[in-house]
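Ready for a little practice at reading a structure? Here are two exercises, each with its solution worked out in steps.

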Amino acid sequence: MLTYLIRRLFAVAVMLVVIILAVFCIFFLIPKWTGTDPATMFVGKQADKEAIEAVRQKLQLDDPILVQLFEFFKGIFVGRDYTGGGTTTHCSAPCFGYSFRTEQEIWPILTDRLPVTLSLAVGAAVLWLIIGLAVGIVSALKRGTIWDRLGMTGALAGVSLPIYFTGLILLAVFAYQLDLVSNKFTPFGDNPGEWFSGMILPWISLAFLFGAMYARITRATMLEVMGEDYIRTARAKGLREPVVIGKHAMRSTMTPVLTLLGIDLGALMGGAILTETTFSIPGLGQAVLKAINEKDLPLILGVTLITATAVVIANLIVDLLYGVIDPRVRLA
Amino acid sequence: MTAPLHESSADTAVAEPEPAPSGAKKDIEGRSLGRIAWERLKRDKVALIGGAVVLFLVLAAIFAPLITSLIGQSPNERHEDLIDPLFSTPKGSFGGMSGDHLLGVEPVSGRDILARIVYGARVSILVGFLSAFVAVVIGTILGTLAGYFGGWLDTVISRIMDMLLAFPQLLFAISLISVMPNDMLGLTGTGVRLMVMILVIGFFGWPYIGRIVRGQVLSLREREYIEAARSLGAGRRYIIRRELLPNLVAPITVYTTLMIPTNILTEAALSFLGVGVKPPTASWGQMLSNAVEYYESDPMYMIIPGVAIFITVLAFNLFGDGVRDALDPKGTR
């Protein structure tokens, strides 16, 4: 168990380093190969020579990429000093640097926005788990009936609709025409009621898409599981059907659902870009989209790292939970 | 010519099923996998409808210039006279639908929506198919290598696949596209964007195919018939190409048909976020993103491209599910 954990954590570290490298390559090496000067890219084409030179100095763009990488990692663990224009600023750990655009520290931006994205993802996940599992189980148990067809048609529609389209339709109908819910985001601290009203539509949009995927997976797994020998055994020893389904079949059905949940929740930490754009929710996704358009590398690195960390940690937790759900899985 | 009673083994993996000869006898007959799958698919009405819609869309995309000249509209011609100058939305109801403009016109510019939808189909279909092709090529090659040779090669390829699957893909796609220059390799603007989108979507898609191929190869290579081929003196290349690959056609076909709609959704998402093809080239995602501002005043402008994406993706999904059921009788659907 301990060796397993150590091995997994090592893999996590490798993964994060690779992701940082990839982001560095995208914003430093590719412009070099294709003949665009990174400094020009960050300042904008209209900038004069001095401005470009100043940026080059400030961002240490002339340093070898390995030195830049080392400085970046050093900043995260022990903090780093920036020297520019005669003054030195210390940025304490965890230091993700300063935004190229607003010159704000990155870390507070991330910690401001993470709870917003987290509340979006977790709220939606609760909804989609309930919908997905319920629809999937009913469809599997009542295979071939009208309920199965209705459920699976709905699920197919769900996976075929782009989330920003569902979101816009919901906004047009429920926020604009019927005026039932709020169409804009309110921070929880300002007004919890308004916050809830503004989050309902984003939650539903996300839950419709993911609930549809979960319903399809749940149904397929459930059908497979119900054909297994141990289900027959459970029935043969006289267990009532609700116990057979609830206790025996559900356990196996949960395994793939859990895998998906780990991946999806992790990915949503930074991947709620589309939902946050559609509903103007000031989360990490909206921040990173803006950062990409403005070529604000430190902010992109920060969000990417948070996302990647969330994905790998979620996967690790899921793998550990397998052992609890499925006694056949042994972590070694 | 009479219907062949026996088909050579080389034909067993033909992905494109030939139509069954009419009036074929019902008694015992050697049937290829392709034939069996086609017979099953023919009974699946929903999948056939999906397939027909897919075919229609592909043809519409290919013959887009012909269609627009038939309806007498072009995708970039402006009709500002049809726009209400006060609200900059189309005059008339339902987004300015009329005999001339069957699906209405865009707000502000007054460009014909039907013509833009038809041209937008080109982008969706092109990116959807070609990126799936890229993913299949890389995935099949690396998956086969990993599964067949095992050892350190397998470890390396499998780790890369795991890592790519855990990557924040949309984020990387947007970042990559945003740093691409306007012209490279003789392509400009939209051409560059199209190429980069195809490569990026394909690159993040190959691990899905790769994992399946690897798993299949891993179990197939232990089969007796492979051993038989080996003991008859067949080389690795021969075994992989003549003995393994034909058995991989079915799973690869299934996952490719199911990958195309996902890729179309990704392309639409990228265009929606402003990193897809460049205006004035039409794409559905870009139309939707323009429509965000008008969802209250001109809802038709948002509904039409949205429905176009929905129908396309749904048709591919229905067809893909049908193909899967037809090729995999053990499937639990």
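Accessible areas here come from the Shrake-Rupley method with a 1.4 Å probe. Keep in mind that this is a predicted model.

**Exercise 1.** Describe chain B, starting with its helices and strands and ending with its exposed surface.

*Solution.*
Step 1: Start with the elements. Chain B has eleven helices and two strands.
Step 2: Put them in sequence order. The pattern of chain B runs α-α-α-α-α-α-β-β-α-α-α-α-α.
Step 3: Look at burial, where the cut-off is under 20% relative accessible area. Of the 333 residues in chain B, 48% are buried.
Step 4: Turn to contacts with a separation of 6 or more. In chain B, 70% of these are between residues 24 or more positions apart.
Step 5: Finish on the outside. About 16,200 Å² of chain B is exposed, and 63% of that comes from carbon and sulfur atoms.

**Exercise 2.** Work out what the contact between domain 1 and domain 2 of chain A is made of.

*Solution.*
Step 1: Find the domains. In chain A, domain 1 covers 20-92 and domain 2 covers 110-329.
Step 2: Count who takes part. Domain 1 of chain A brings nine residues to the contact, and domain 2 of chain A brings six residues.
Step 3: Check the area. These two domains of chain A bury about 770 Å² between them, with carbon and sulfur atoms giving 93%.
Step 4: Look for charged and polar links. Between domain 1 and domain 2 of chain A there are zero salt bridges, and zero residue pairs in polar contact, counting pairs with both at pLDDT 80 or more.
Step 5: Name the helices on the domain 1 side. In chain A, α1 (2-33), α2 (38-43) and α4 (65-78) each supply at least two residues of the side touching domain 2. The largest share of that side, five residues, is from α1(A).

Key: Residues numbered from 1 in each chain as written. Chains lettered and ligands numbered in written order. Predicted model: local features only at pLDDT ≥ 70, side-chain atom pairs only at ≥ 80, totals over all residues. Heavy atoms only, no water. Helix = DSSP H or I, 4+ residues; strand = E, 2+ residues; numbered from the N terminus. Buried < 20%, exposed > 50% of the residue type's maximum accessible area, 1.4 Å probe, protein only. Contact = heavy atoms within 4.5 Å. Domains from an automatic or database assignment. Buried area = accessible area lost by both parts, 1.4 Å probe. Salt bridge = Lys/Arg side-chain N within 4 Å of Asp/Glu carboxyl O. Polar contact = N/O pair within 3.5 Å; in protein donor to acceptor, adjacent residues only side chain to side chain.
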